[in-house]
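Me: Please take me on a close look at the backbone of this chain. I would like to hear about local geometry first, then about cross-links and pairing, and how well each residue is covered.

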Amino acid sequence: MKQRLAVLCALLAAVLAVSGVPRQEAAAQVSGTGTGYLHTSGNKIVDSTGATVRLTGLNWFGMETDNKTFHGLWANVTWKSQLDHMAQLGYNTIRVPYSNDALKPGAVASGINDYVNPDLVGLSPLQILDKVIDYAGQKHMRIILDRHRPTSAQQTALWYTSTVSEATWINDWKALAQRYAGNTTVIGADLHNEPHAEGTNPQATGACWGCGDTARDWRLAAERAGNAILSVQPNWLIFVEGVSCPSGGNSNIWDGDPSNDEDCGWWGGNLSKAGEFPVRLSVANRLVYSPHEYATSVYDQTWFHAPDYPANLPGIWDRYWGYLYKQNIAPLMMGEFGSTLANPVDKVWLQNLMRYTGTGAGGMSFTYWCWNPNSGDTGGIVGDDWVTVNQEKQSILQPYLSPPS
C-alpha cells in the first residue's frame, strides 16, 4: 500500500510540475483575487468557483478632490509603475474614491505630469479611470468604486445635499454599473463614504440606522441605492458602511439627561444596529458590510486611554461591527483604517487590529488608508516621492496580504 501511495504521489508531483501549478496553491485551492465575479457565503467572499477570496487592498484617492483624478499622477513615476508597485507589495484590491463632480460631462482631470504620463493628457476623469481599471485587471487586481463625496468640497453626513439629490446619487451609480458591466475587475459599489451624525440629540439631522425616517435612515437609503444598482448589474457586491451614532445625532453630555446619549464610534464605523436592522437587497449574497476604523492620529478616542488598553480593543470591535462576522451574518471589508504610526499607541492598535482580522483566506477583507503620502492625518504606504515604502506600516500589514494572482 505504501509503495502504491508513493507511486501516486510521484505521479501527482510530475503532473503539477508539467502544468506549472505550485503544489501549495493546488492544495489550498484558493487564489489571490479569485475567478469571475464575487459573491458572499455566510461571512466569506467567494469567487465564481466557490473558492474563498480575501480582499487585501488599499485606497488610492484623488478622484474625489478638485483634481478629479488619482493623486500622484504629478510624480516622477508613471501611473502604471504605481500599480505595479502596489501589486508587488501584495495588495490585490484598490478602493477608488470619487465625487459626483468627477462624473459630470465636461469634467476635467488636473495635476497630471504630461512628461511622465503623456498617455493621460486630455483624457476625462472617467477615461483615466478606464485605463487604471484595465491595467489593474491585467495585474489580476480588483477595483471597488467608492462614492466618497457628493461634490469635491467636503464629506457630508447624508448621501444627498441641496445640490446633489438622491436621484443623482443613484443614477450616477447605475451609469457606472452599466459602464463596467461585464468587466470582472470592477467588483462592487461602496455606496456612500462615512455617513455620520449631525446635530445634537434630540434634534438629530444626520444619518441614523433603523430610525425609519426615509430622509435620514442610512439603512433604508442603502437598500434603495443597492437595489437600483443590482437592477442593472446583479453581479456586483454592495458595500455598506456604518454610521457614527445610530440616532443620527451627537450626544448632549451637558444636558444632564443620559437618556438621549448613546455609544458613538467612527464616521462610517458603527454597525451595531445592522444585526437588528439588516440591509435587505433584491439579489441574495451580494451584501458586504464595510466599517471604518482609525487611530489616535485621526481622533483621540477614549478607549485609547483605558487602563486595559489594548486588551479592550477586541470587545469594542465586536460591539461596533465584528459580531456580524463572528455570527456568520455577513462578510466584512474594512474600507478604511490607518495611522501615521507617529504615536506608539497607534502601532499597538494596528498590530492588534490586523491580528483581529484573522490570517489566511478566511480572514476579514480590508483596504488600507492609504497609498497616498498626502493624506494629512495618516500619511501613506509610500513617501512623498510616491516610491519609497513606509516599512513600519508595510511590515505590520504584510503577513495579512494576499497577493493578486
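Reply: Let's begin with burial: a residue is buried when its relative accessible area is under 20%, exposed when the value is over 50%, and partly exposed in between, using a 1.4 Å probe and protein chains only. You are looking at a predicted model, in which local features need pLDDT of at least 70 and side-chain atom pairs count only at pLDDT 80 or more, while totals for chains, interfaces and linings use all residues. Residues are numbered from 1 along each chain as its sequence is written, and side-chain values use heavy atoms, with hydrogens and water left out.

Leu-341 is a good place to start. Its phi is near 65 degrees, a positive value in a residue other than glycine. Most residues other than glycine have a negative phi, and most peptide bonds are trans. Leu-341 sits in the loop between strand S12 (336–338) and helix H8 (344–357). Helix and strand names refer to DSSP runs numbered from the N terminus, with at least four residues of H or I for a helix and at least two of E for a strand. The relative accessibility of Leu-341 is 6%, so the residue counts as buried.

Trp-386 is another residue to look at here. Phi is near 65 degrees for Trp-386, again positive and again not in a glycine. You will find Trp-386 in the loop between S13 and helix H9 (391–397). With a relative accessibility of 3%, Trp-386 counts as buried.

Next, the peptide bonds. The one joining Asn-201 and Pro-202 is cis, with omega about 10 degrees. Pro-202 belongs to the loop between strand S7 (186–190) and H6, a helix that covers residues 218–232. A cis peptide bond is also found between Tyr-309 and Pro-310, where omega is about 5 degrees. Pro-310 is part of the loop that lies between strand S10 (292–294) and helix H7 (313–326).

Now for the cross-links. Searching the whole structure turns up two disulfides, each being a pair of cysteine sulfur atoms within 2.5 Å. If you number the bonded cysteines in sequence order, they pair 1-2, 3-4.

One disulfide joins Cys-208 to Cys-211, with an S to S distance of 1.9 Å. Its two ends differ in cover: Cys-208 has 0% relative accessibility and counts as buried, whereas Cys-211, with a relative accessible area of 37%, is partly exposed.

The other disulfide is formed by Cys-245 and Cys-264, whose sulfur atoms are 2.1 Å apart. The torsion about the S-S bond is about 125 degrees, so this disulfide is right-handed. The pair links distant parts of the chain, 19 residues apart, with Cys-245 and Cys-264 each in the loop between strand S8 (237–240) and strand S9 (287–289). Cys-245 is buried, at 2% relative accessibility, while Cys-264, at 22%, counts as partly exposed. Elsewhere, Cys-370 is buried too, with a relative accessible area of 0%.

That brings us to the strands. Strand S13 (residues 365–368) is joined by three bridges to strand S4 (residues 56–59), and the two run parallel. Two strands pair if DSSP finds at least two bridges between them. Within this pairing, Thr-56 has Phe-366 in S13 as its bridge partner. S4 also pairs with strand S5 (residues 93–99), in the parallel sense and over two bridges. Here Leu-58 has Ile-94 in S5 as its bridge partner.

Earlier in the chain there is an open sheet of three strands, in the order S1-S2-S3 and with antiparallel pairing. Strand S1 (39–41) and strand S3 (52–53) stand at the edges, each with a single partner strand, so one side of each has no neighbour in the sheet. Strand S2 (residues 44–46) pairs with S3 over two bridges in the antiparallel sense, and Ile-45 has Val-53 in S3 as its bridge partner.

If you want to trace this on screen, start with the buried Leu-341 and the buried Trp-386. Then look for the cis bond before Pro-202 and the one before Pro-310, and finish with the two disulfides.

Definitions and conventions:
Axes fitted to C-alpha atoms, helices over the stretch in contact; angles between N-to-C directions.
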